[in-house]
Amino acid sequence: MSSPVVVKFSSPFIRFYGLVSPCVSVNLQSRVYRLVSGRCMSTSPTPTPPPQCLMKPINVPMKTLMGPGPSNCPPRVLNANALPLLGHLHPEFTQIMDEIKEGIKYAFQTDNTWTVCVSGTGHAAMEASVCNLIEPGDKVLACVNGLWGERFAEMAQRHDGDVATIDIPMGTVFTLQDIENGLKENRPAIMFITHGESSGTTVQPLEGIGELCHKYNCILIVDSVAAMGGVPLFMDKWEIDVVYSGAQKVLSAPPGASPISFSARARQKVENRKTKVRSYYFDMHHLANYWGCDKEPRRYHHTGPISNAYALREGLARLAEESLENSWANHVKCVHKLHEGLESLGLKLFVTDKLARLPCVTGVVVPDGVNWKDVADFAMKHYRLEISGGLGAQAGKIWRIGLMGHNCTEHNVNLVLRALGEALKNVK
Ligand code: PMP
């Protein structure tokens, strides 16, 4: 047998060391040869050169994220994100999944068996609620006071729901009477409402809405992506059938794994479907099994976002250690300080009803003659601080300032007030 020889190829784009059988002839100019067990395989075209941008180190500056999300992650969350991967069905990982479920149950204040985490951002959890609950022709009522009601209505239409909306201006919230009128008139099977409307910067009072929905034989879905952990949420007490949230707001974890929970009533609706859930990925029958919510052994459904799950576990642990009561109180304390400071700068808050102001995201009216973007750019340039603009009807008209979870500190309130004050003097 001939002994193998070591070959070395070097060009700007190709570096290759290997052990090759001496019988191989190599023509790098026109062809790349695949070498398997010393034998030449079929030829393939020369690939395009690798992108030069990837030859430089990754660039991630430190910024203070005070828009409506993501918010900064504390070191314990970032450290957890960097832990070694486990197999997605290894016992140590399923233990972490179980801990996440306990954390979500605490954060949502629920005992629901179908409490899991959807692999994806808040939109994924939103899609999961839509595709599991809505069957073609189901009557759906979306309460719209900003972007999120609109988006839910659009998703529900894409799933062939028969969708109606009740619409009120951004910056205002629904009364129980508005809701009862909507239920009476439309007789929906499913109703959607947003808890923390991050585009309108309002917090929707939820008490009583679940009872009303159930009186009209309707399932209630609540989007608490921008509210959970920052304001009270009692899923079971308030008879909410589905709640979903996100990782990157009050939980201060990276986006990509989103908590969701289904009540027994919602679960029954999913189990009694006449048609299969249209999304395989978000089908709660599969997700519930993968998350250990039934009595069966966990089966492979998809590869869970392992590193995101570690980080979310730590975000939930941070909230549990702080306690919900302290977290709610801290959001109120910091946001009051922010409101006072904004008013002393001569700025007006977008939401006029004090009780309807969402502590997690504050809307501030952009004064006449000021370009919102100049101010946001000033804050970014001089303070590496993110302040966001408005969305939809409020684009260009308001700033949105986030105070969530790990970022909700008096230090950050002072920082944002200083940056805004200086920006307003400098950009006119
Ligand atoms: N709902 C609300 C109220 C939100 O604020 C957001 C995120 N801004 C979402 C849903 C969607 O979440 P994501 O961007 O993580 O998909």
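# Close-up views of a predicted protein model

Of the 428 residues in the protein, 52% are buried. Keep in mind that this is a predicted model. The legends below start with the whole chain and then zoom in, one spot at a time.

**View 1. The whole protein, with its 12 helices and 18 strands.** Taken along the principal axes, the C-alpha atoms fill a box of roughly 90 × 60 × 40 Å. How are the contacts spread along the chain? Take the contacts between residues at least 6 apart in sequence: 69% of these join residues at least 24 apart.

**View 2. The largest nonpolar core, a group of 86 residues.** Which residues touch the most other members here? They are Phe 152, Met 191 and Ile 193. Zoom in on Phe 152 and, setting aside neighbours within four places in sequence, you'll find it in contact with Met 126, Ser 129, Val 130, Ile 134, Val 140, Ala 142, Phe 192 and Ile 221. There's a second, separate core too, with 28 residues, including Leu 349, Tyr 383, Ile 387 and Leu 420. As a bit of background, nonpolar side chains in soluble globular proteins tend to be buried together.

**View 3. Cysteines without partners: the structure holds zero disulfides.** Start with Cys 334, which is in no disulfide; the sulfur of Cys 408 is the nearest cysteine sulfur, and it sits 3.9 Å away. A disulfide here would need the two sulfur atoms within 2.5 Å, so a pair at 3.9 Å doesn't make the cut. Is Cys 334 buried or exposed? It counts as buried because its relative accessibility is 1%, and the cut-off for buried is under 20%. Now look at Cys 360, whose closest cysteine sulfur is also in Cys 408. Those two sulfurs are 7.7 Å apart, so they are too far for a bond. Cys 360 is buried as well, at a relative accessible area of 0%.

**View 4. The largest pocket, with a volume of about 510 Å³.** In all, 21 residues line this pocket, and the closest to its centre are Val 203, Lys 354, Leu 355, Ala 356 and Arg 357. Which element gives the largest share of the lining? That's helix 10 (residues 324-344), with five residues. Sorted by class, the lining comes out as 12 nonpolar, four polar and five charged residues.

**View 5. The second largest pocket, holding about 360 Å³ of space.** This one is lined by 17 residues, and Met 62, Lys 63, Asn 72, Cys 73 and Leu 78 are the closest to its centre. Three elements, strand 5 (64-65), helix 1 (75-81) and helix 12 (410-427), each supply at least two residues of the lining. What classes of residue make up that lining? Eight are nonpolar, eight are polar and one is charged.

**View 6. The largest cavity, with a volume of about 40 Å³.** The count for this model comes to two cavities of 30 Å³ or more. Lining the largest cavity are Thr 201, His 339, Leu 349, Phe 350, Val 351, Arg 357, Leu 358, Val 361, Thr 362 and Gly 363. You may recognise Arg 357 from View 4, where it is among the residues closest to the centre of the largest pocket, and Leu 349 from the second core in View 2. Strand 15 (residues 361-365) gives the most to the cavity lining, with three residues. By class, the lining splits into five nonpolar, four polar and one charged.

**View 7. The second largest cavity, where about 40 Å³ of space lies.** Which residues line the second largest cavity? They are Ile 100, Cys 117, Ser 119, Ala 257, Trp 291, Pro 305, Ala 309 and Leu 312. Strand 6 (114-119) and helix 9 (306-322) each supply at least two of the lining residues. Seven lining residues are nonpolar, one is polar and none is charged.

**View 8. Gln 248, in the loop between strand 13 (242-244) and strand 14 (257-262).** Is Gln 248 buried or exposed? With a relative accessible area of 12%, Gln 248 is buried, because the cut-off for buried is under 20%. What does Gln 248 touch, not counting residues up to four places away in sequence? The answer is Gly 69, Pro 70, Ser 71, Ala 253, Pro 254 and Pro 255.

Conventions. Residues are numbered from 1 along each chain as its sequence is written. This is a predicted model: local features need pLDDT of at least 70, side-chain atom pairs count only at pLDDT 80 or more; totals for chains, interfaces and linings use all residues. Side-chain values use heavy atoms; hydrogens and water are left out. Buried means under 20% relative accessible area, exposed over 50%, partly exposed in between (1.4 Å probe, protein chains only). A nonpolar core is a set of buried Ala, Val, Leu, Ile, Met, Phe, Trp, Tyr and Cys residues joined through side-chain atoms within 4.5 Å. Contact means heavy atoms within 4.5 Å. On a 1 Å grid over the protein atoms alone, a cavity is a set of points where a 1.4 Å probe fits but cannot get out, and a pocket is an open set with protein on both sides within 12 Å along at least five of seven lines; lining residues have an atom within 4 Å of a point. Grid points are joined across faces, edges and corners, and a volume is the space filled by probe spheres set on the points. Helices (H or I, at least four residues) and strands (E, at least two) are DSSP runs, numbered from the N terminus. Ala, Val, Leu, Ile, Met, Phe, Trp, Tyr, Cys and Pro count as nonpolar, Asp, Glu, Lys and Arg as charged, and the others, Gly among them, as polar.
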